[in-house]
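Subject: Structure handover

Hello,

Here is the structure to take over. Please open it alongside this message.

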Amino acid sequence: MTPREVFERAHGLVRAYDIGYVDCFADDGALVFPFAPPGMPKEVHGRDAIRALLQPRYDALRASGREILAYENLRIHDTLDPEVIVAEFDVDVVGTRRSFIHVLRVRDGQIVEQRDYFDSLAMAERLRAQAT
């Protein structure tokens, strides 16, 4: 699969809060949050560790009934490195809109690294709200 195809598959699962998203990562893949707010790791390495981080969040989101309504303004940029794409998009969840940039490195049809850039102040607020 191409990096674009992997992105589309992975984010179809994300939109459904399907933890199968983690299976898009290589066994030793990395999920990196360069601007992570306090209380959130900046890097998570390995499929099992990524699953352990995301599973409770996905469970809580599904239980809350909040749905991802749409991915909008999606722009995928190819790079000179055939393993790497840059995806810009906005996510509409009931009552909120968040902007993201993902830099994906895909090898053999699996994500070996995803760098996830987002508004860390808004994410910190969301994490605080989920904790209460």
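The notes below go from the whole chain to single residues.

The model is predicted. The chain holds three helices and six strands, and their order from the N terminus is α-β-β-α-β-β-β-β-α.

Overall dimensions

The radius of gyration of the chain is 14 Å, which agrees with the value near 14 Å that a compact globule of 132 residues would have. Along the principal axes, the C-alpha atoms take up a box of roughly 45 × 30 × 25 Å. Buried residues make up 42% of the 132 in the chain. Among contacts with a separation of 6 or more, 48% are between residues 24 or more positions apart.

Surface and charge

About 7100 Å² of the chain is exposed, and 54% of that area comes from carbon and sulfur atoms. On the charge side there are 17 positive and 22 negative side chains. The centres of these two sets are 4 Å apart.

His11 and Phe89

His11 sits in helix H1, which covers residues 3-15. With a relative accessible area of 3%, under the 20% cut-off, His11 counts as buried. Its side chain makes two polar contacts that may be worth a look in the viewer: one with the side chain of Tyr71 at 2.7 Å, and one with the side chain of His102 at 3.2 Å. Beyond its neighbours within four places in sequence, His11 is in contact with Tyr71, Phe89 and His102.

Phe89 belongs to strand S4, residues 84-93. Its relative accessibility is 2%, so Phe89 is buried. Apart from residues up to four places away in sequence, Phe89 touches Phe7, His11, Tyr71, Glu72, Asn73, Leu74, Arg98, Ser99, Phe100 and His102. Tyr71 and His102 therefore appear in the contact lists of both His11 and Phe89. For a pair at longer range, Phe89 and Glu43 are 46 residues apart in sequence, and their C-alpha atoms are 21 Å apart.

Val106

Val106 is in strand S5, which spans residues 96-107. Is Val106 buried or exposed? Val106 is buried, since its relative accessible area is 5%. Leaving out residues up to four places away in sequence, Val106 touches Met1, Pro3, Val6, Glu83, Ile111 and Val112. Val106 and Phe7 are separated by 99 residues in sequence, while the distance between their C-alpha atoms is 9.1 Å.

Positive phi values

Most residues other than glycine have a negative phi. Two residues to check against that are Tyr17 and Asp108.

Tyr17 has a phi near 50 degrees. Tyr17 is located in the loop between H1 and strand S1 (25-32), and with a relative accessible area of 9% Tyr17 is buried.

Asp108 has a phi near 55 degrees, again a positive value in a residue other than glycine. Asp108 lies in the loop between strand S5 and strand S6, the latter being residues 110-118. The relative accessible area of Asp108 is 76%, over the 50% cut-off, so Asp108 is exposed. Of these two loop residues, then, Tyr17 is buried, whereas Asp108 is exposed.

Regards

Terms used
Residues are numbered from 1 along each chain as its sequence is written. This is a predicted model: local features need pLDDT of at least 70, side-chain atom pairs count only at pLDDT 80 or more; totals for chains, interfaces and linings use all residues. Side-chain values use heavy atoms; hydrogens and water are left out. Helices (H or I, at least four residues) and strands (E, at least two) are DSSP runs, numbered from the N terminus. The radius of gyration is taken over C-alpha atoms; the globule rule is 2.2 Å times the number of residues to the power 0.38. Buried means under 20% relative accessible area, exposed over 50%, partly exposed in between (1.4 Å probe, protein chains only). Contact means heavy atoms within 4.5 Å. Accessible areas come from the Shrake-Rupley method with a 1.4 Å probe; for residues, only the protein chains shown count as cover. Lys and Arg count as positive and Asp and Glu as negative; His and the chain ends are not counted. The place of a charge is taken as NZ of Lys, CZ of Arg, CG of Asp or CD of Glu. A polar contact is a pair of N or O atoms within 3.5 Å; within protein, one must be able to donate a hydrogen and the other to accept it, and residues adjacent in sequence count only if both atoms are side-chain atoms.
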